[in-house]
Amino acid sequence: MKPKVIVYKKVDPTVLAYVREACDVIYFETLDEQTLPAFYEELKEAYGILGSGLKVDEQFLMQAPRLKIISNISVGYDNLDIPEITKRKIMATNTPDVLDDSVADTIFGLLLATARRMPELHQMVKSGKWTSKISEEQFGVDVHHKTLGIIGMGGVGSAIAKRAHFGFDMPILYHNRSRNLEAEHTFQATYCSLEDICQQADFICLMTPLTPNTVKLIGEKEFKLMKKSAIFVNGSRGATVDEDALVRALQNGEILAAGLDVFTQEPVNPDHPLLSMDNAVTLPHIGSATYETRLKMAKLAAENLVLGLQGKQPPSLINQEVLSEVRF
């Protein structure tokens, strides 16, 4: 008899077919007020779930007594209460690596767009206000040969460093939980403190995971340390930045501009002050949003789910310590 699983996110038909070969699948393309009651009813008998964004905590797990594996279609897993999941001997998986290049493309594109004021000037042309040569008031700033600071030199941070070093001749500073010797060798990156990055970098990219230690990692103190010409880019999670402090830094000229792919509240409130600022370039959390990459992520998540329920180690197991205790 196939184990019952819930897929609660729209996935490619080929991915769904793969999971259905091994599992009895209950499929929800979306979760909303209408589908949530049925979802929680099915959850009582489910051995696995596959999707993204759903908060899995103690209250959730109390409604899932048979759960053996949680397959998150995301590299980040701040929606998962890992200690609680581990305590219940449930495997938790994510989808790292396969999205590094796509996210790096997005973040570097955001950096360029912010530096050269592309969205602002695009709108000027579209609205018919380009009536003469642009003045110095519309000038942007160079990216090449400027110092890039990367906070979080993981897979995505390294992919950003690769583009900066080989494509734009940018000296690279980085801060990480531990030194990344490969990045130091390959990109001549220099390991330094968070304070040094804030003080020395022309561009600062925040790429850390969201953990209790990184909530509001960048706030008023850090913005005041930055150069007035600095451009700040956040591609991690919105909660890693004190957004009120960022608004003040932009309004007061403490930094030049910001490029944001993430916000504390998503979708962002239409009345958020950042949305009315010309020196803030904003995107709707599109880091990995290409068809090719999302398909790779879904395939890896499906493989994690199926192998885990077959009693095999999933490729991207987060809580390795459960392996010796998992029973099928």
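Let's start in the middle of a sheet: isoleucine 151 stands opposite leucine 206 in β9. Keep in mind as you look around that this is a predicted model.

## The sheet

The pair you just met belongs to β6 and β9, two strands that pair in the parallel sense over 4 bridges. Another bridge of this kind links leucine 148 with phenylalanine 203 in β9. On its way through the sheet, β9 also pairs with β10, in the parallel sense and over 4 bridges. There, leucine 206 stands opposite asparagine 234 in β10.

Now step back to see the whole arrangement. The sheet is open and has 7 strands, in the order β8-β7-β6-β9-β10-β11-β12, with parallel pairing. Which strands stand at the edges? They are β8 (190-191) and β12, and because each has a single partner strand, one side of each is left without a neighbour in the sheet.

Strand β9 (residues 203-206) is a nice place to look at side chains. Phe203 and Cys205 point one way, Ile204 and Leu206 point the other way, and all are buried.

## A helix and its cover

Next, find helix α11, which covers residues 243-251. Its buried residues are Glu243, Ala245, Leu246, Val247, Ala249 and Leu250. What covers these buried residues? The cover includes α10 (220-225), β10 (231-234), β11 (257-260) and β12 (280-282).

The two ends of α11 are worth a visit too. At the N-terminal end, aspartate 242 acts as a cap, with a side-chain oxygen 3.2 Å from the backbone nitrogen of aspartate 244. After the helix comes glycine 253, whose phi is positive, near 75 degrees.

## Two buried residues

Valine 5 sits in strand β1 (residues 4-7). Its relative accessible area is 0%, so valine 5 counts as buried. Leaving aside neighbours within four places in sequence, valine 5 is in contact with Val19, Cys23, Asp24, Val25, Ile26, Gly48, Leu305 and Leu309. You can also check a distance here: the C-alpha atoms of valine 5 and phenylalanine 28 are separated by 11 Å, and these residues are 23 residues apart along the chain.

Histidine 165 is found in helix α7 (residues 155-168). Is histidine 165 buried or exposed? With a relative accessible area of 18%, histidine 165 is buried, because the cut-off for buried is under 20%. A polar atom of the histidine 165 side chain lies 3.3 Å from the backbone oxygen of phenylalanine 187. Not counting residues up to four places away in sequence, histidine 165 touches Met170, Ile172, Thr186, Phe187 and Gln188.

## Out in the loops

Several loop residues can be compared by how much of them is accessible.

| Residue | Relative accessible area | Description |
|---|---|---|
| Phenylalanine 139 | 45% | partly exposed |
| Histidine 145 | 52% | exposed |
| Aspartate 169 | 44% | partly exposed |
| Proline 267 | 71% | exposed |

Phenylalanine 139 lies in the loop between α6 (118-126) and β6 (148-151). Together with Val125, Trp130 and Ile134, Phe139 forms a nonpolar patch on the surface, with about 420 Å² of accessible area in total.

## Some backbone surprises

Most residues other than glycine have a negative phi, and most peptide bonds are trans. With that in mind, look at three places along the chain.

Histidine 145, in the loop between α6 and β6, has a positive phi, near 70 degrees, and is not a glycine. Aspartate 169 is not a glycine either, and its phi is positive at about 55 degrees. This aspartate lies in the loop between α7 and β7 (172-175).

Proline 267 takes us to the loop between β11 and β12. What kind of peptide bond joins glutamate 266 and proline 267? This bond is cis, with an omega of about -5 degrees. Proline 267 also has another proline to compare with: proline 284 is 17 residues away in sequence, while the two are 7.3 Å apart in space, C-alpha to C-alpha.

Terms used. Residues are numbered from 1 along each chain as its sequence is written. This is a predicted model: local features need pLDDT of at least 70, side-chain atom pairs count only at pLDDT 80 or more; totals for chains, interfaces and linings use all residues. Side-chain values use heavy atoms; hydrogens and water are left out. Buried means under 20% relative accessible area, exposed over 50%, partly exposed in between (1.4 Å probe, protein chains only). A polar contact is a pair of N or O atoms within 3.5 Å; within protein, one must be able to donate a hydrogen and the other to accept it, and residues adjacent in sequence count only if both atoms are side-chain atoms. Contact means heavy atoms within 4.5 Å. Patches are made of residues with over 30% relative accessible area and no salt bridge: like charges are joined within 9 Å, nonpolar side chains (Val, Leu, Ile, Met, Phe, Trp, Tyr) within 5 Å. Accessible areas come from the Shrake-Rupley method with a 1.4 Å probe; for residues, only the protein chains shown count as cover. A salt bridge is a side-chain nitrogen of Lys or Arg within 4 Å of a carboxyl oxygen of Asp or Glu. Two strands pair if DSSP finds at least two bridges between them.
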